[in-house]
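Visitor: I should like to understand how the terms used for a protein structure are justified. May we examine the reasons one at a time?

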Amino acid sequence: MSLTSSRPFGALLTAMVTPMRADGTVDIEAGARLATHLVDHGHDGLVLNGTTGEAPTTHAPEKAELIRAVVEAVGDRAVVVAGAGSNDTAHAVRMAEQAAEVGAHGLLVVTPYYSRPSQEGVYCHTVAVADATDLPVMLYDVPGRTVVRYEPATLDRLAAHPRIVAVKDATGDVQSALRSIDRTGLAWYSGDDGMLLPFLSVGAVGIVSMAGHLLGDELASVLRAWDRGEVSLARREFATLLPTIDLICGSGNGALRSKLALALLGLIPGATMRLPQVPADEDEVAAVRAALVTAGHLVSAEA
């Protein structure tokens with residue numbers, strides 16, 4: 001699935017975790033290996049330093065090192081999108097500039113969280129970040145985390161900006177997406193794994209996933225079937241992925257579940273997270289291991 005004007009960031013992107021060593025330091029080498037694995041398995045895009053990547057608790061040099069290492073690792077095989085999200089506009093601008101300096105191909109910009117700005121504030125914040133570099137921008141609409149979303153009139157204004165080209169939609173509001181896709185001309189990406197097919201049905205072009213850590217080839221196959229017009233096949237294939245999607249996305253802590261699953265599968269060295277996120281306890285480790293076995297990702301120790 002090659003990049004096109006209608007798919008400016010590709011079709012399948014995963015919001016990648018940031019691997020960490022047992023002492024909590026960022027494991028840049030493991031991040032590069034994981035990125036390569038994902039691109040080898042169906043991905044044509046990656047999102048770094050987002051919420052799943054624990055952006056609130058990683059720092060500027062770490063973010064830059066990870067972006068640089070991933071860009072070097074995957075080369076021109078995938079679009080590398082860097083998070084530039086903050087409720088401090090000046091901070092978001094610095095993150096955008098830094099991401100551009102180390103080779104990111106695009107930016108993910110979220111509405112300012114916690115501060116609950118007006119729509120004029122949301123607009124001015126987003127334009128300030130978009131104006132900071134020459135990189136294309138994907139807006140991130142996730143009111144479950146930010147409270148404030150991009151309202152239709154604000155999307156219309158932002159769509160006129162030459163570098164704002166896409167939206168990651170984690171609102172669950174398919175009807176609003178239908179109207180906004182037709183009205184703005186922006187490329188729409190489902191921001192919730194379980195909502196992929198409903199969003200594709202109203203004109204979305206792809207997904208920014210969490211379950212893609214485990215389901216890259218499978219999600220890519222679903223997207224190819226949809227592109228061919230084989231909707232029934234896409235639906236059947238997607239239905240088989242629901243147990244894994246539930247495993248990763250159903251707990252409310254996709255970063256923890258993603259890291260834990262990847263560690264159990266040997267794809268990253270461990271599942272260390274930084275406070276305020278805490279490690280999985282023994283019960284959750286056992287539950288995730290059992291779910292991986294049930295979904296066919298892991299062989300049971302009893303087998």
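Guide: Certainly. Let us begin with strand 5 (residues 137–141) of this predicted model. Five of its five residues are buried, so strand 5 is largely enclosed by the rest of the structure.

Visitor: Which residues of strand 5 point one way and which the other way?

Guide: V137, L139 and D141 point one way, while M138 and Y140 point the other way, and all are buried. In a regular strand, side chains alternate between the two faces of the sheet.

Visitor: What makes strand 4 and strand 5 a pair?

Guide: Pairing requires at least two bridges. Strand 4 (residues 106–110) and strand 5 have four bridges, in the parallel sense, so they qualify as a pair. In one of these bridges, L107 has V137 as its partner. Between the two strands the chain passes through helix 4 (residues 119–130), and this β-α-β crossover is right-handed.

Visitor: How many bridges join strand 5 to strand 6?

Guide: Five bridges join strand 5 to strand 6 (residues 164–169), and the two run parallel. Here M138 stands opposite A166.

Visitor: Why is T57 called buried?

Guide: The term applies under 20% relative accessible area. T57 has 18%, and therefore counts as buried. T57 is found in the loop between strand 2 (45–48) and helix 2 (60–74).

Visitor: Which residues distant in sequence does T57 touch?

Guide: Leaving aside residues up to four places away in sequence, T57 touches R274, L275 and P276. T57 and M273 are 216 residues apart in sequence and 9.4 Å apart in space, C-alpha to C-alpha.

Definitions and conventions: Residues numbered from 1 in each chain as written. Predicted model: local features only at pLDDT ≥ 70, side-chain atom pairs only at ≥ 80, totals over all residues. Heavy atoms only, no water. Buried < 20%, exposed > 50% of the residue type's maximum accessible area, 1.4 Å probe, protein only. Contact = heavy atoms within 4.5 Å. Right-handed = clockwise from strand over helix to strand, strands pointing away.
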